[in-house]
Amino acid sequence: MSDALRFVDITEDQLDAVMRVRARSFGVMAAGDREQWLKDARVFIQDGRYVGVADGDEVVAAARFWDFEQWWSGRRVPVAGVAGVVVAPEYRGRGVGSKLMRGLLQRAVDRGFPLTALYPATTVIYRHLGYEFGGGRYRFSFAAADLRALGGKEVGVRRAGPEDAERVLQLVGQSHERRRTSGPLVWPLKEVTEWLADEDNFAYLADDGFVVYSWSGSDLCIDEIVAGSEATARALWATVGSGSSIASTVQAYISPDDPVHLMVEHEAYKDVQHQRWMLRLLDAPAAIAARGFAPDAAVEIDLRLEDPDVPGNGGDWHLSVADGAGELTPTQASGDVLQLGPRGLAALYSGTPLATLRGSGLASGGSSTADASLDPVFAGPTAYMLDYF
Ligand SMILES: CC(C)(COP(=O)(O)OP(=O)(O)OC[C@H]1O[C@@H](n2cnc3c(N)ncnc32)[C@H](O)[C@@H]1OP(=O)(O)O)[C@@H](O)C(=O)NCCC(=O)NCCS
């Protein structure tokens, strides 16, 4: 790799160069998308979240990260959502992508993000940097006629609009807290308002739930559905299913643990779309302190973490979980304690059983007794996201 390569902040006058690298990486952007992309890019730049690698003055790689929050066991944790990682073809395979991502990780650490997540186009580079699968984005398809038959006619459902954005956010929050959800991103009020104002989206509200859906070709597609009771779930799903005379299929971005799976007569079609996203801890004590835990989960255990790219995570730690909260404090461990690298830590955090981590070489040391006490602490509903970024 040339010595002239520098990690840089992208500036506005470099956006054309970034766009050229993007075109060679993801395809040429439709003319209509260019303005929105530039508008977003300026926000990333102003906020120090658009970074790159330059050879002399020429930008040869770029990446940006969103300032998101993500639910972890019913609590909101800040997460740097990495996107648009691109390296010019003539610079690939020479460590430029790794240099870019190492700089980005440091930037996200400096900005105080306890977590980072991304959708990988290739896992190799991100695994080298400590990311591991944290959850998925699932799209299930159902026979619309099955959903129509779910009933719920006694529940009042009305059209919703932008003025309902606050109520929608409140319902989302209540649902994730109650279910101790992990994975979904938290959207700001402004974006939720825009989403509900979009005439192409059909939004319906009940007392304890809502649904937002739209056409996807000749199918209907649910962006999000939240129901606080069985009756409301039936009513909202049936509202979408009422389109069965025209749309035979309803697609839905939902959790694999959504109650609908246990209510519809026929299971979802076999063509489930499942995209995995990866997770990494950037500040292990902050990530543990910010997330939720089941109220009855309890453990006192020493761990040894190794993390060359984020040295602050490394060393011996004592993990203490009780009363729905966790704490990671520095300690001097003795004996054969559980040892994890960043990938093992990310996978454990997102609920992967220790047997899987040992079986894939991501955990060592410790004991089976310790595993049996640690697994239930991080277990919970499957982590999922609704959004792609
Ligand atoms: C993916 C990409 C960013 C990697 O950049 P790069 O500069 O080639 O990466 P590096 O040279 O630092 O490689 C890091 C590791 O990833 C591996 N790698 C890079 N690209 C890979 C690919 N397409 N498939 C499999 N492994 C890949 C390298 O072999 C290396 O691993 P190794 O050290 O074990 O050999 C670059 O190829 C690119 O821009 N691709 C097109 C756009 C894209 O897919 N972006 C990712 C979006 S999530």
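Which element gives the largest share of the shell around the ligand? In this structure, which is a predicted model, the answer is α4, with four residues.

Let me stay with the ligand for a moment. The shell around the ligand holds 19 residues, and the closest of these are G93, G95, G97, S98 and H128. Three polar contacts deserve to be listed, each of them to an oxygen atom of the ligand. The side chain of S98 places an N or O atom 2.5 Å from a ligand oxygen, while a backbone N or O atom of G95 lies 2.8 Å from a ligand oxygen, and for a backbone N or O atom of R94 the corresponding distance is 3.2 Å. Taken alone, the ligand exposes 890 Å², of which the protein buries 67%. The elements that give two or more residues to this shell are α1 (15-26), β4 (75-87), α3 (96-110) and α4 (123-128).

Just after α4 in the chain we come to L129, which sits in the loop that leads from α4 to β6 (132-143). Is L129 buried or exposed? With a relative accessible area of 0%, against a cut-off of under 20% for a buried residue, L129 counts as buried. Leaving aside residues up to four places away in sequence, L129 touches S98, M101, R102, L105, R280 and D309, and S98 is also among the residues closest to the ligand.

Now to the nonpolar cores. In soluble globular proteins, nonpolar side chains tend to be buried together. The largest nonpolar core here has 45 residues, and the members that touch the most others are L115, L279, L281, L319, Y349, L374 and F378. Helix α10 (residues 342-349) gives the most to this core, namely five residues. Because domain 1 (5-130) and domain 3 (283-378) both give residues to this core, it lies between them. A second, separate core has 41 residues, including I45, A61, V86 and the L129 that I have just described.

Returning to the largest core, F378 touches I288, R291, F293, L319, L348, Y349 and G351, again without counting residues up to four places away in sequence.

Finally, a word on T352, which is found in the loop between α10 and α11 (354-359). A polar atom of the T352 side chain lies 2.9 Å from the backbone oxygen of A347, and, with residues up to four places away in sequence left out, T352 touches A347, L357 and D375.

Notes:
Residues are numbered from 1 along each chain as its sequence is written. This is a predicted model: local features need pLDDT of at least 70, side-chain atom pairs count only at pLDDT 80 or more; totals for chains, interfaces and linings use all residues. Side-chain values use heavy atoms; hydrogens and water are left out. A nonpolar core is a set of buried Ala, Val, Leu, Ile, Met, Phe, Trp, Tyr and Cys residues joined through side-chain atoms within 4.5 Å. Buried means under 20% relative accessible area, exposed over 50%, partly exposed in between (1.4 Å probe, protein chains only). Domain bounds come from an automatic or database domain assignment. Contact means heavy atoms within 4.5 Å. A residue is near a molecule or strand if one of its heavy atoms lies within 4 Å of it. A polar contact is a pair of N or O atoms within 3.5 Å; within protein, one must be able to donate a hydrogen and the other to accept it, and residues adjacent in sequence count only if both atoms are side-chain atoms. Accessible areas come from the Shrake-Rupley method with a 1.4 Å probe; for residues, only the protein chains shown count as cover.
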